[in-house]
Amino acid sequence: MRGFWLLVLGLLLVIGGSWAASRIQSADGTRVTDIRFAGDNGTTLRALLYIPAGVDAAHKAPAILAVHGYINTAETQSAFAIEFARRGYVVLAIDQAGHGYSSGPAFANGFGGPASLRYLRSLPYVDTANIGLEGHSMGGWTVLAAASALPDGYRSIVLEGSSTGKPFAADGTPSWPRNVAVVFSRFDEFSTIMWGVDRAQDVATSPKLQALFGTTSPVIPGRIYGDIAAGTARRLTTPVATHPGDHISHAAVADSLDWFGRTLQGGEPRALTDHIWLTKELATGVALAGIVPLLVGAFSRLLALPPFAPLRRTPEPRVRRRDAQWRRSFWLTTLVPPLTLLPVFIAVTLLLPPSALLPQTVSTQVVLWMLVNAAITWALDRRQPPVPYVAPYWGRSLALALLTVGFAYALVEAIAALFIVDLRFWVVALKPLSAAQARMLPIYLLPMLLFFIVSQRALLGRLMVAGEGPWRQTFVAVGALAGGFALLLGLDYALLFATGRLPTGFDPLTTVIAIQFIPLLAALGVITVACWRRTASAIPGALLSALLVAWYVVAGTATQFG
C-alpha cells in the first residue's frame with residue numbers, strides 16, 4: 001500500500017480542483033469553449049471563447065479580445081475573461097502566435113491580433129459596434145496591431161502593463177488608438193521598456209505617455225482626458241502591483257471593467273468589486289499542487305510491481321553529520337544556480353538566436369543554464385564523491401519514469417478536454433503539449449537529463465545525512481534547490497518596493513521568469529528525495545525530473561522559429 005494514499009490525494013486534488021475551476025469560470029451560465037480559427041499566412045490560432053448566458057444571433061452582445069503577454073497563454077487572462085463574461089461581454093482570449101496551441105513563430109503576423117479581431121467580428125452574436133481590446137504586456141502590442149489593421153473595428157482599448165510606440169507598435173497620439181486606458185502598476189518591472197522611465201511610479205511624467213494623452217504636463221491618474229464619444233478618451237490608473245502581478249490584482253481587473261463599462265454599450269451592470277476569478281485561480285492552483293503527491297504516489301505504486309523489484313532499495317547516506325563541509329556544500333548548491341541565471345540567459349539572448357535546432361529561446365536559455373551548472377557541479381564533485389553508486393538499471397529506471405510521468409500527462413490531457421482548464425497558479429502552469437511542442441521536446445530533454453543526473457547525485461551525496469528522517473531530508477533538498485532563488489528574488493523585490501527601482505531591471509524578463517523557479521525547484525526537491533528514499537539511486541528521480549521539467553518548459557514558453 002506504499003504510496004497508495006499519496007496517489008489518491010493527488011487524484012483528488014487534481015480532479016477536484018480542476019472540476020471546481022471549470023464550474024467557477026462557467027458561473028452565471030457562461031459557456032467556455034476551446035476553439036481554433038484561421039490566422040494570417042496559413043497559421044492556426046487557438047482561443048478560449050467565453051459566451052455569456054442568453055447571447056445568440058438574435059441577442060447580440062458587446063465583445064472583448066483579451067490577449068496575454070510573452071511566454072504565457074490564454075488561460076493567464078482568465079481573471080479578466082471571467083469578469084468580462086459575467087458582465088455580458090463575449091470574450092475571445094487567444095494564444096498569441098507561437099504561444100500555446102497557436103502556430104507560427106512568436107512576434108509574426110501582428111502577434112495574431114489582426115486575425116483574431118477579424119474572427120471576433122465575424123461571430124454572429126457579437127455587436128460589432130461595441131468591441132473592446134485588452135492586452136497585457138506584449139498582448140498590448142497584439143491588440144494595437146489589431147487596432148492598426150482594423151481602425152474602425154473596435155471602440156476602446158485597455159493596455160495592461162503595456163505601451164504604444166516602437167519597436168512593436170505605432171506611436172500613440174491624442175487621436176490614436178481610440179479610447180485608451182493605460183493600467184500601469186506602481187511596481188511594474190518593465191517601466192523603462194514600456195514608457196521610458198526608470199521607476200514605474202513615475203510613469204505619469206513619461207514623454208511618450210504624455211504624447212498619447214496630448215499633454216506636456218504629468219498625467220493625472222484617474223482623470224479622463226479627451227472625449228469618449230469622439231474616440232479620443234484617455235485614462236491612466238496605477239494599481240499597487242507588479243508586471244506579472246496584474247494577473248492577480250483586483251484593482252487591475254476592476255480598472256479594466258470600469259473602462260469598458262464607460263466606453264462600450266450593452267454590458268450588464270455589476271459592482272466593480274464583485275469578483276470570483278480568484279477562487280478559480282486557487283482551484284487550479286490546488287490542482288497544480290496535486291501533481292506532486294500524484295507523481296510520488298504513482299512512482300511508489302509502480303515500484304511495488306514485480307518488474308521494478310530490482311530498483312527497490314534503502315539508501316545509506318555517506319554524510320554523518322552537518323559539519324563545515326556540509327554547510328559549504330549547502331550554500332554552494334543554494335547560491336550558485338541563481339547567480340548564474342542572469343548571465344547565461346543574457347548570453348543566449350545576445351549570442352544564440354532561435355533556429356530550427358533550437359526553436360524556443362527560453363527553453364534554450366534554461367538548457368544552457370543547466371549545462372553550465374552541471375559543469376560546475378561536476379568540477380566540485382571531483383573533490384567530493386557524490387551519492388554512493390548503486391546499479392542504476394537504466395532500462396527499468398527509464399520505464400518507471402516514463403510510466404509515472406505518462407500517467408500524469410494523460411490525466412492533464414483529460415482535464416483539459418473535460419474541464420477546459422490547465423493546472424496553474426498565476427504564471428506557473430502545467431498544460432498538454434501541442435504536436436509541434438512534442439516534436440521539440442527531445443531537443444531539450446537530453447541535456448536536461450544530463451543536468452539532473454549530475455545535480456541530483458551531487459545533492460543527495462552532499463546533503464543527505466545518515467539518520468535523518470524523510471521530512472528533514474526533504475526540507476534540506478527544498479531549501480538547497482529553491483532557497484537561493486527565494487532569497488535573492490526576495491531581496492530584489494524588497495528593494496523594488498522600497499525604492500521603486502529593480503536592481504535586476506537591466507533584464508526584467510529573466511527576473512520575472514526566475515519567479516517560476518521557486519515553486520518548480522521546491523517540487524523537484526520533494527520528488528527527488530522521495531524517489532531516492534525508495535531506490536537508493538539518483539537515476540530514477542533524475543529521469544522523472546527531466547521528463548517533468550522538459551514538459552513544463554516546452555509547453556509553457558514561446559516558439560520563435562518555425
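The questions and answers below concern a predicted model and go from its overall form to individual residues.

Q: What radius of gyration does the protein have, set against that of a compact globule with 562 residues?
A: The C-alpha trace spans about 75 × 45 × 45 Å along the principal axes of the protein. A compact globule of 562 residues would have a radius of gyration near 24 Å, and the protein agrees with this, since its own value is 25 Å.

Q: What share of the contacts between residues at least 6 apart in sequence joins residues at least 24 apart?
A: The chain is arranged in 16 helices and eleven strands, and buried residues make up 59% of the 562 residues. Among contacts between residues at least 6 apart in sequence, the share that joins residues at least 24 apart is 77%.

Q: How much of the area that the protein exposes is supplied by carbon and sulfur atoms?
A: The side chains include 43 positive and 31 negative ones, and the centres of these two sets lie 11 Å apart. The protein exposes about 21,200 Å², of which carbon and sulfur atoms supply 66%.

Q: Which parts of the chain does the aromatic pair of Tyr70 and Phe107 tie together?
A: The structure holds 21 aromatic pairs, and one of them, formed by Tyr70 and Phe107, is tilted, with 5.8 Å from centre to centre and 45° between the planes. The two residues are 37 apart in sequence, so the pair ties together the loop between β3 (61-67) and α2 (78-86), where Tyr70 lies, and the loop between β4 (90-94) and α3 (113-122), where Phe107 lies.

Q: Is Phe107 buried, partly exposed or exposed?
A: Ring pairs link Phe107 into a cluster with Tyr70, Phe111, Trp141 and Phe168. Tyr70 has a relative accessible area of 17% and is therefore buried, the limit being under 20%. Phe107, at 34%, lies between that limit and the 50% above which a residue is exposed, so Phe107 is partly exposed.

Q: Why are Phe80 and Phe84 separated by about one helical turn?
A: Phe80 and Phe84 form a tilted aromatic pair, 6.3 Å from centre to centre with 45° between the planes. Each of them is buried, Phe80 with a relative accessible area of 0% and Phe84 at 0% relative accessibility. An α-helix has 3.6 residues a turn, so residues three or four places apart point the same way. Phe80 and Phe84 are separated by about one turn because they are four residues apart in helix α2.

Q: Against which elements do the buried residues of α3 pack?
A: In α3 the buried residues are Gly113, Pro114, Ala115, Ser116, Leu117 and Leu120. The elements against which the buried residues of this helix pack are β1 (31-38), β2 (44-51), β3, β4, β5 (126-136) and α4 (138-149).

Q: Which residues does Glu281 touch, not counting those up to four places away in sequence?
A: Glu281 is found in helix α8 (residues 277-289), and at 5% relative accessibility Glu281 counts as buried. Beyond its neighbours up to four places away in sequence, Glu281 touches Ser78, Ile248, Arg424, Phe425 and Trp426.

Q: With which residues is Leu433 in contact, leaving aside neighbours within four places in sequence?
A: Leu433 is found in the loop between β11 (428-430) and α13 (435-463), and at 14% relative accessibility Leu433 counts as buried. Leaving aside neighbours within four places in sequence, Leu433 is in contact with Tyr101, Tyr409, Ala438, Leu441, Trp551, Val554 and Ala555.

Definitions and conventions. Residues are numbered from 1 along each chain as its sequence is written. This is a predicted model: local features need pLDDT of at least 70, side-chain atom pairs count only at pLDDT 80 or more; totals for chains, interfaces and linings use all residues. Side-chain values use heavy atoms; hydrogens and water are left out. The radius of gyration is taken over C-alpha atoms; the globule rule is 2.2 Å times the number of residues to the power 0.38. Buried means under 20% relative accessible area, exposed over 50%, partly exposed in between (1.4 Å probe, protein chains only). Contact means heavy atoms within 4.5 Å. Accessible areas come from the Shrake-Rupley method with a 1.4 Å probe; for residues, only the protein chains shown count as cover. Lys and Arg count as positive and Asp and Glu as negative; His and the chain ends are not counted. The place of a charge is taken as NZ of Lys, CZ of Arg, CG of Asp or CD of Glu. Rings of Phe, Tyr and Trp (its six-membered ring) pair if their centres lie within 6.5 Å; planes under 30 degrees apart count as stacked, over 60 as edge-to-face and the rest as tilted.
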